[in-house]
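User: Hi! Could you walk me through how this fold is held together, one question at a time?

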Amino acid sequence: MTDTDARYDILFLCTGNSARSILAEAIMNRVGEGKFRAHSAGSHPKGAVHPGALRLLQKLGHPTDGFRSKSWDEFGADGAPELDFIVTVCDDAAGEVCPIWPGKPIRAHWGIPDPAAVQGSDEEVDRAFAEAYRQLQNHIQLFASLPIDKLDGISIKRRMDEIHEAETAAQSA
């Protein structure tokens with residue numbers, strides 16, 4: 001199947017759209033290929049993708065051409081894909097007032113620690129990106145495996161919240 005055959009469009013939001021939302025877009029486009037078409041954006045885009053995100057994605061064999069830090073305004077404009085799901089992946093974006101999106105996308109918040117905020121050696125930064133990737137991949141694999149076409153919107157939202165709560169509980173244990 002090609003990207004245009006995907007049944008569901010999902011937008012991952014973060015403030016800067018330079019790290020977590022980019023990782024989530026890449027993961028979902030691999031894990032959910034044929035079922036999902038992932039996008040990412042930010043409320044205040046940094047203007048560039050963090051080098052640590054690109055390094056990790058390349059190391060893991062993800063295509064990185066075309067990734068850019070972009071505004072969420074692009075997804076409210078004419079000609080933008082109609083979104084089925086919106087997931088915020090950072091705490092800053094979760095509290096912001098989001099634009100009105102066409103349709104009725106199901107929203108969830110999966111707060112993941114910001115690897116771009118890590119100060120230190122390249123190795124320490126790379127470890128932070130690997131951990132963010134691991135958490136996002138766990139969330140996304142569980143979400144992509146849901147029988148979305150057999151669930152109503154309330155059930156999907158509940159399952160999306162449970163996915164994050166389970167990961168958060170595992171991190172605390």
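**Helix packing, cores and a disulfide**

User: At what angle do helix 4 and helix 5 pack?

Analyst: Happy to help, and please keep in mind that this is a predicted model. Helix 4 covers residues 122-144 and helix 5 covers residues 153-172. Their axes lie 10 Å apart, and the angle between the two helices is about 145°.

User: What is the handedness of that crossing of helix 4 and helix 5, and how many charged residues does the contact have?

Analyst: The crossing is right-handed. Helix 4 contributes residues including Glu 131, Arg 134 and Phe 143, while helix 5 brings, among them, Ile 156, Met 160 and Glu 167. By class, the contact has five nonpolar residues, five polar ones, and charged residues numbering three.

User: Which element supplies the largest share of the largest nonpolar core?

Analyst: This core has 39 residues, and Phe 12, Phe 85 and Phe 143 touch the most other members. Beyond its neighbours within four places in sequence, Phe 85 is in contact with Phe 143, Ile 156 and Met 160, among others. Strand 1, helix 1 and helix 5 are among the elements that each supply at least two residues of the core. The largest share, eight residues, comes from helix 4.

User: How many residues apart in sequence are the parts that the disulfide pair ties together?

Analyst: The whole structure has one disulfide, formed by Cys 14 and Cys 90 with sulfur atoms 2.5 Å apart. Both cysteines are buried. Cys 14 lies in strand 1 and Cys 90 in the loop between strand 3 and helix 3, so the parts tied together are separated in sequence by 76 residues.

Methods:
Residues numbered from 1 in each chain as written. Predicted model: local features only at pLDDT ≥ 70, side-chain atom pairs only at ≥ 80, totals over all residues. Heavy atoms only, no water. Disulfide = S-S within 2.5 Å. Helix = DSSP H or I, 4+ residues; strand = E, 2+ residues; numbered from the N terminus. Buried < 20%, exposed > 50% of the residue type's maximum accessible area, 1.4 Å probe, protein only. Axes fitted to C-alpha atoms, helices over the stretch in contact; angles between N-to-C directions. Left-handed = near helix turned anticlockwise from the far one by under 90°. Contact = heavy atoms within 4.5 Å. Nonpolar A, V, L, I, M, F, W, Y, C, P; charged D, E, K, R; others polar. Core = buried A, V, L, I, M, F, W, Y, C linked by side-chain atoms within 4.5 Å.
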